[in-house]
Amino acid sequence: MKLNYLSRPVILFLTTLVSTAGLGIFFTLRNLLSKYNEYLLRKQLLRPSLIRQSSTILKNACREIIIPKGKNGFSRIIIPKPNLDQYAADKYLYKNLYIEEKLLGKNVKRLGINSRFLSQISIIWRILIPKFRCKNTYLLLSQCFFLIVRTWLSLLIAKLDGQIVKNLIGGNGRKFSRDMIYWLLIAFPASYTNAAIKYLTNRLSLSFRTNLTRYIHDMYLDKVMAYYKISLNSTEIENIDQYITNDVTKFCDSICGLFSSMGKPFIDLIFFSVYLRDNLGTGAIIGIFANYFVTATLLKRATPPFGKLTTKRTHLEGQYFNDHLNLMTNCEEIGFYKGSVIEKSKLNDKFHKLMDHIGKEINISFSYAVLEDYILKYTWSAWGYIFAGLPVFLDEIWPKGAKVEKTSKDSEKHNMRQFIINKRLMLSLADAGSRLMYSIKDISELTGHTERVFSLLTNLHRVHSPRFNFGSKFGPNDIRGTIQNNYLEGIRFENTPIIVPSEDGSEGEVLIQDLNFQIKHNKNMLILGSNGSGKTSIARILAGLWPLYRGLISKPNDDDIFYLPQKTYFTTGNLRDQIIYPYTYEEMLEMGHNDDYLFHILREVKLDYLLKREGNFNVVKDWKDIFSGGEKQRVSIARVLFKNPKMVILDESTNAVSTDVEDYLFELLQRKKITFITLSHRPLLMKYHDFILELKEGNSWRFHDLTSEENLKSIDNEIIDIQNKLSQVEKWESRKIDIEKYLDGEFDDIELDSSIQLPTNSILAH
């Protein structure tokens, strides 16, 4: 047995071996260099890794994320600066597509089943691969390269397979052993190629998901507060967390899997068709592709709407997941209410809807799977045998002549070798065609994922538009109010109605009629009203969460106003993070503060015992469950002291603390010269404020100065009236005893004492 060292199997084996070794050396050196850089960086950072925050803004505006790695190590990830110009330019792509579909209306379906899908993919593709020279382009090109290599290897293996069968029938042991060695050698690059395709598919999917998620996060979590406003835009986005996490992942996995599932069959069709044309003739190839065309047309018409089914299933899964999340978040409240039975019924209802839909999908897929399997597996295999046997039967019917004399045995070996090669290639060609047909279902499912991701991106761009209408049916021109920022005189409302944003826009529910008032710095105001009167809605308009449909609002810069909502929010992190929220540790250091300053703040809000109880500032816990109601509100005041704004909006921010602590906190804010506007339903808080805005029933209101001479006189008169009533307490008690004796029959009659001023609602007063 003699091996040809210049044969293709040997060269491919050695090439794969050398390239694998080269790649291994390259990645080893890169890892060593990365570890050395991490060592140098860790040496530069003197503070403990527990204190170091996970995110830092670099000088070039990029974000550095530090991820723990091992016991004491970490790895760095650099996120480029968001390209705001790109977002501003991209919004016209989504807007123009929406306008085109609106103009075409029903004619969109007539343009083709995938016209909308292709338009959506072409727009999202700009996010997945923003420019030609980028990492994703190289991954995609590498994947295409290995797909071509795999097809070429399949062609070599088919020829080698035919040669092995020929030697086996001919009884040539030496050539058979040689070909088996070639087979084992070529198996290594073939296995390497298959693994490389899977690896590149997964890496490309991860890279696509990274680009798309960063794009969404940049628009979802910014100063526009899209995470709040997007729920006001329309009802088509429900459970947005599922869109960002689950749907984006499925979309990236689906589109990258489609590259592999369609790329390999498409390349196989080209390579194998060219080779088989020489053996079978042009007519056979035309017949094969005619079969493909007829099959594709048949399956296309018989394919159920998998895209719509996938979209609905994802929506139902989101509802079911959201109900479970709601149960976990509010388990204590549900436990107090003994609400297990009703929550169980709600979960069962959502679960049964999901199961019914999945059952419907299974039933619809069954009949299609029968037709698909019969045509693609058995019918195409039968055609493969027929076309593979054509050369053998044609030689018998129309012999080419006796130019070369062959024995019957040689003819059998030649025909067997040619049949095995043709059969293998035909079956591979049939398999390639069947995988392309199977991809029709994959494309239909990808259509559903693309629809949801594109809907998310479209709504994010709508929220970012300067003409965002908050879902009003009257369009952006319905919002005609003016907000004046950087107002140095305090806060001013002029003819400003408080309207709940809805589809009805400015004609929606009016909570408060035209507000007119002004307060200056160092003057505190109490907004007093019952629940649902619109107190918090005023803060929402000031913060930019709700639109201003009419009127004028003048206010300081947003950095000079701090808002404390009714429910204190606690972020994931250590005790320090709760106090300095929404700032990071690096930003705290840049302000010139340290942990001693934080301890001073805790002592000022009477929370200095937390360090002794919890241990230190670096302890990480689920703080919303650790702190009591009063501690949560005092932590909120600590955040105010850390930021030290010119003005703070307090929305029921002291109703969980005792009266003495409440007095102390308001006096503390006054000492710090922080102007505060308090939203509350308790009139007792008037003593801390200079103005009061009283919200009454019927959308009316009353604004008055508590420090004016008129109000002071009314307060003095009320005090005198109360003192007069208190002076008659002894007479009332004596009179009460006489009345009880009269009712018990001890007195026959009782005289009315005119010296006692009875309350107006007393029976004896009438």
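This is a short chat about a sheet and a buried lysine in a predicted model.

Student: Before we start, what are the ground rules for this model?
Tutor: It's predicted, so local features need pLDDT of at least 70, side-chain atom pairs count only at pLDDT 80 or more, and totals for chains, interfaces and linings use all residues. Residues are numbered from 1 along each chain as its sequence is written, and side-chain values use heavy atoms, leaving out hydrogens and water.

Student: OK, what's the strand order in the open sheet of six strands?
Tutor: E9-E10-E11-E7-E12-E13, with mixed pairing. Strands are DSSP runs of E, at least two residues, and helices are runs of H or I, at least four, numbered from the N terminus. Two strands pair if DSSP finds at least two bridges between them.

Student: Which strands stand at the edges?
Tutor: E9 (561-564) and E13 (701-705); each has a single partner strand, so one side of each lacks a neighbour in the sheet.

Student: And how many bridges join E7 to E11?
Tutor: Four, and the two strands run parallel. Met525 sits opposite Ile677 in E11.

Student: Switching topic: is Lys229 buried or exposed?
Tutor: Buried, meaning under 20% relative accessible area with a 1.4 Å probe, protein chains only. Lys229 is in helix H7 (residues 226-233).

Student: What's the nearest side chain of opposite charge?
Tutor: Asp222, 8.3 Å away, and Lys229 has no salt bridge. That would take a side-chain nitrogen of Lys or Arg within 4 Å of a carboxyl oxygen of Asp or Glu.

Student: Then what does the Lys229 side chain reach?
Tutor: The backbone oxygen of Gly544, at 3.4 Å.

Note on methods
Buried < 20%, exposed > 50% of the residue type's maximum accessible area, 1.4 Å probe, protein only. Lys, Arg positive; Asp, Glu negative; His and termini not counted. Polar contact = N/O pair within 3.5 Å; in protein donor to acceptor, adjacent residues only side chain to side chain.
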